[in-house]
Amino acid sequence: MIEHLDPLASDPLAQRLEQMEIAIPRAPHLAVLTSSPRRRPSVRAWRGASLAVGAAAVAVLTVTAAVYPGGLVGLTQDALKAAGLSQEQVAPLTGSAANAYLKVSVTGGYADQVSTVLFVSVDETCNPSAPGCGIGAPYLSDQFESRYEIIGGEGIGVGAYPIFFQPLAGAAIHGARLTLHFPNGKNELVIPLAGTLAPGRAHELALPTSIVDSKMDVTYEVKDLLYSGSYLQVHTRLGGRLQNVIVQYPPSGQMVRGESWPGVFLIDPSGHWEIPLASLRPTVTDRVQDETRIFSIAKPGTYRVVVATSGDHNAVPGSGWKVLAEWTVQVS
């Protein structure tokens, strides 16, 4: 019997994320790309890269606090749109570092009580199949030694692109001096950032009433709504016999059947379905689906939060999806 070395192989959330098909914002177009765009690695690829024990020698890191070429004006509208921000909202938080495998540059940053966002250019400078070339999940640290995990976003070889991290906490809310960490095989690329970042404030919104589907034996709840002026944080909880609302499907070309769990989306005043930019604090079992998602909010207004599923696991969320629960939320 072969022992399974992946500690998350049997974890239901990891399995669910492995199967998910997510609509990814269009990569920004730059005049020059140092490498061709690639899709973000799967959850298992991130884990494998961060746990890899390659034979690569420790490389000397070259770190600078120089402004990324083009500075804030170098940010494309596509990159800003992917973050749900305007150029005026982005602070000149800068730094860069490189080793034999990886080059990372930071162009700017934004923070509020919902999320911390960095615009990061990531380029692999090695053969992706070579030992030690894998990239682990990046994270932030501040001057108080607090650590902030990645919660969404990332682009490789596409220029400056947003990465979302957990919101700043503790004494850092008065001004954080941040360091970006990129695990890379046995190494870790460390990028101290010039400048400070202080998060803007957010406020809680009134919560809608829970919805009980007695036929399916599932209860839908909105546990928390936090609005920062740029982002809406939506904390939902589904409880009960979740197998009644999980859609089963046969993956293309596979004998093993798959499943599609309910998603949570935001519908703006014009009727457009928004997918979350980031998510955090998930708890998923066969009886509970408790997750917090972050959406971009262009302006205050009347929005709808929906829980929906689709029989087509490759479909982009929209009006063709089956809505299981819906709430109207006044964002102001």
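This briefing walks through some aromatic pairs, two nonpolar cores and a set of paired strands. Keep in mind that the model is predicted. A good place to start is Y110, which pairs with Y231 and also belongs to a ring cluster with F164 and Y231.

**Aromatic rings**

- The count of aromatic pairs comes to 4.
- One of them joins Y110 and Y231 edge-to-face, with 6.0 Å from centre to centre and 75° between the planes.
- This pair links distant parts of the chain, since Y110 is in strand β3 (residues 102-111) and Y231 is in strand β13 (residues 231-240), 121 residues apart.
- Are these two rings' residues buried or exposed? Y110 is buried, with a relative accessible area of 9%, and Y231 is buried too, at 0%.
- The rings of F265 and W273 lie with their centres 5.8 Å apart and their planes at 45°, so this pair counts as tilted.
- F265 is buried at 8% relative accessible area, and W273 is buried at 13%.
- Another ring has a charged partner: the charged end of R147 sits over the ring of Y139, 3.6 Å from its centre.

**Nonpolar cores**

- As background, nonpolar side chains in soluble globular proteins tend to be buried together.
- The largest nonpolar core here has 29 residues, and V120, L180 and F182 touch the most other members.
- Which strand gives the most to this core? Strand β3 does, with 4 residues.
- Other elements that give two or more residues include β4 (116-124), β6 (147-152) and β8 (179-184).
- Setting aside neighbours within four places in sequence, L180 is in contact with several residues, among them V104, V120, Y139, F165 and I191.
- A second, separate core holds 26 residues, including L205, L225, L238 and A325.

**Strand β12 and its partners**

- Strand β12 (residues 218-227) is mostly covered, with 8 of its 10 residues buried.
- Strand β10 (residues 203-204) runs antiparallel to β12 and is joined to it by 2 bridges; here H203 stands opposite Y227.
- Strand β11 (residues 211-213) is also antiparallel to β12, with 3 bridges, and I211 stands opposite Y220.
- β11 and β12 make a hairpin with 4 residues between them, where D217 in the turn has a positive phi of about 60°.
- How many bridges join β12 to β13? There are 9, and the two strands run antiparallel.
- Across β12 and β13, Y220 stands opposite L238, a residue included in the second core.
- The hairpin of β12 and β13 has 3 residues between the strands, and G229 takes a positive phi near 100°.

Terms used:
Residues numbered from 1 in each chain as written. Predicted model: local features only at pLDDT ≥ 70, side-chain atom pairs only at ≥ 80, totals over all residues. Heavy atoms only, no water. Phe/Tyr/Trp six-rings, centres within 6.5 Å; stacked < 30°, edge-to-face > 60°. Buried < 20%, exposed > 50% of the residue type's maximum accessible area, 1.4 Å probe, protein only. Lys NZ or Arg CZ within 6 Å of the ring centre and 35° of its normal. Core = buried A, V, L, I, M, F, W, Y, C linked by side-chain atoms within 4.5 Å. Contact = heavy atoms within 4.5 Å. Pairing = 2+ DSSP bridges.
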